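Reader: I should like to understand how the descriptions of this model follow from its values. Please set each term against its criterion.

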Amino acid sequence: MGPLVLAVAYIPLTVLAVPASVLTLGGGYLFGLPVGFVADSIGATVGAGAAFLLGRTIGRPFVVSRLKDYPKFKSVAIAIRRSGFKIVLLLRLVPLLPFNMLNYLLSVTPVSLVEYMLASWLGMMPITLALVYVGTTLKDLSDVTHGWNEFSKSRWAFIIIGLIVSVVLMICVTKVAKSALDKALAENEDIDGVTSSPELPIVAEPPSDLNQPLIIKIDSTEDNHEK
């Protein structure tokens, strides 16, 4: 039941916007690479989905009140209207916005729950795998320190090479994702008149109007009513 408990523990931490890196490391330390990775990946994705649903429902007033603190989110929200899955995936790979608030910020955009969950799951895999691997390595080192296990030279070489490869891959993935995200956001900055559109999925009014509900989707038959 340990991996299940670990996965469930992600939900309250993610909803409360508390960093869950310790849980990810713990998954590798306690259960090893395969099981720890699966438990952490599922837990992180379910937790992100819970925060997303909370922000889209009863937590929307809170999210709206915080939008003014994240000016970069405006270009992100515009881009998501055109490429929701792609932008969410890239945001998971690039720390453009605070990771723990990202779940709530994305909840007020038009991205669907299915696209959000799938993109989040795929986008969080690299960092999850890297942290689980580090946790597994810490467990191995702990065993050696306490005399519970002995490492051969080849085992030490494998651990060191694995850590180096993990760091290099994370750097490369982040750079590629950042380049793609910057390009996608730049393309959407040239949309004429988008900031004046009533369908813009962010709050552009003064602070006194921050409690007004956001328009997530507008059907053509309801356009006049929403205006």
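Reader: Which residues of the largest nonpolar core touch the most other members?

Author: In this predicted model, Phe73, Val76, Ile87 and Leu106 touch the most other members of the largest nonpolar core, which has 38 residues. Helices 1, 2, 4, 5, 6, 7 and 8 each supply at least two residues of this core. The most comes from helix 2, which gives six residues.

Reader: What does Val76 touch, leaving aside residues up to four places away in sequence?

Author: With such residues not counted, Val76 touches Ile87, Leu91, Leu96, Leu97 and Leu185. Contact here means heavy atoms within 4.5 Å.

Reader: What makes helix 4 largely enclosed by the rest of the structure?

Author: Seven of the 10 residues of helix 4 are buried, so the helix is described as largely enclosed. The buried residues are Phe73, Ser75, Val76, Ala77, Ile78, Ala79 and Ile80.

Reader: Why is Thr136 called buried?

Author: The relative accessible area of Thr136 is 16%, and buried means under 20%. Thr136 therefore meets the criterion and is called buried. This residue is found in helix 7.

Reader: How do you know that the side chain of Thr136 reaches the backbone oxygen of Gly28 in a polar contact?

Author: The side chain of Thr136 reaches that oxygen of Gly28 at 3.3 Å, and the limit for a polar contact is within 3.5 Å. The distance therefore satisfies the limit. A polar atom of the Thr136 side chain also lies 3.5 Å from the backbone nitrogen of Leu33. Not counting residues up to four places away in sequence, Thr136 touches Gly28, Tyr29, Gly32 and Leu33.

Reader: Why is the aromatic pair of Phe52 and Tyr116 called stacked?

Author: The centres of the two rings are 4.1 Å apart, with 20° between the planes. Rings pair if their centres lie within 6.5 Å, and planes under 30 degrees apart count as stacked. Both conditions are met, so the pair of Phe52 and Tyr116 is classed as stacked. The count comes to one aromatic pair.

Reader: What makes this pair a tie between parts that are 64 residues apart in sequence?

Author: Phe52 lies in helix 2 and Tyr116 in helix 7, so the pair ties those parts together. Phe52 and Tyr116 are buried.

Reader: Where does UniProt place the feature "transmembrane region"?

Author: The unreviewed UniProt entry places this feature at residues 29-54, 87-106, 118-135 and 156-177. In the model, residues 29-54 are 100% helix, with end C-alpha atoms 31 Å apart. Residues 118-135 are 100% helix, and their end C-alpha atoms lie 25 Å apart.

Technical notes: Residues are numbered from 1 along each chain as its sequence is written. This is a predicted model: local features need pLDDT of at least 70, side-chain atom pairs count only at pLDDT 80 or more; totals for chains, interfaces and linings use all residues. Side-chain values use heavy atoms; hydrogens and water are left out. A nonpolar core is a set of buried Ala, Val, Leu, Ile, Met, Phe, Trp, Tyr and Cys residues joined through side-chain atoms within 4.5 Å. Buried means under 20% relative accessible area, exposed over 50%, partly exposed in between (1.4 Å probe, protein chains only). Helices (H or I, at least four residues) and strands (E, at least two) are DSSP runs, numbered from the N terminus. A polar contact is a pair of N or O atoms within 3.5 Å; within protein, one must be able to donate a hydrogen and the other to accept it, and residues adjacent in sequence count only if both atoms are side-chain atoms. Rings of Phe, Tyr and Trp (its six-membered ring) pair if their centres lie within 6.5 Å; planes under 30 degrees apart count as stacked, over 60 as edge-to-face and the rest as tilted. UniProt positions are given in the numbering used here, feature names are shortened, and annotations may be inferred rather than shown by experiment.
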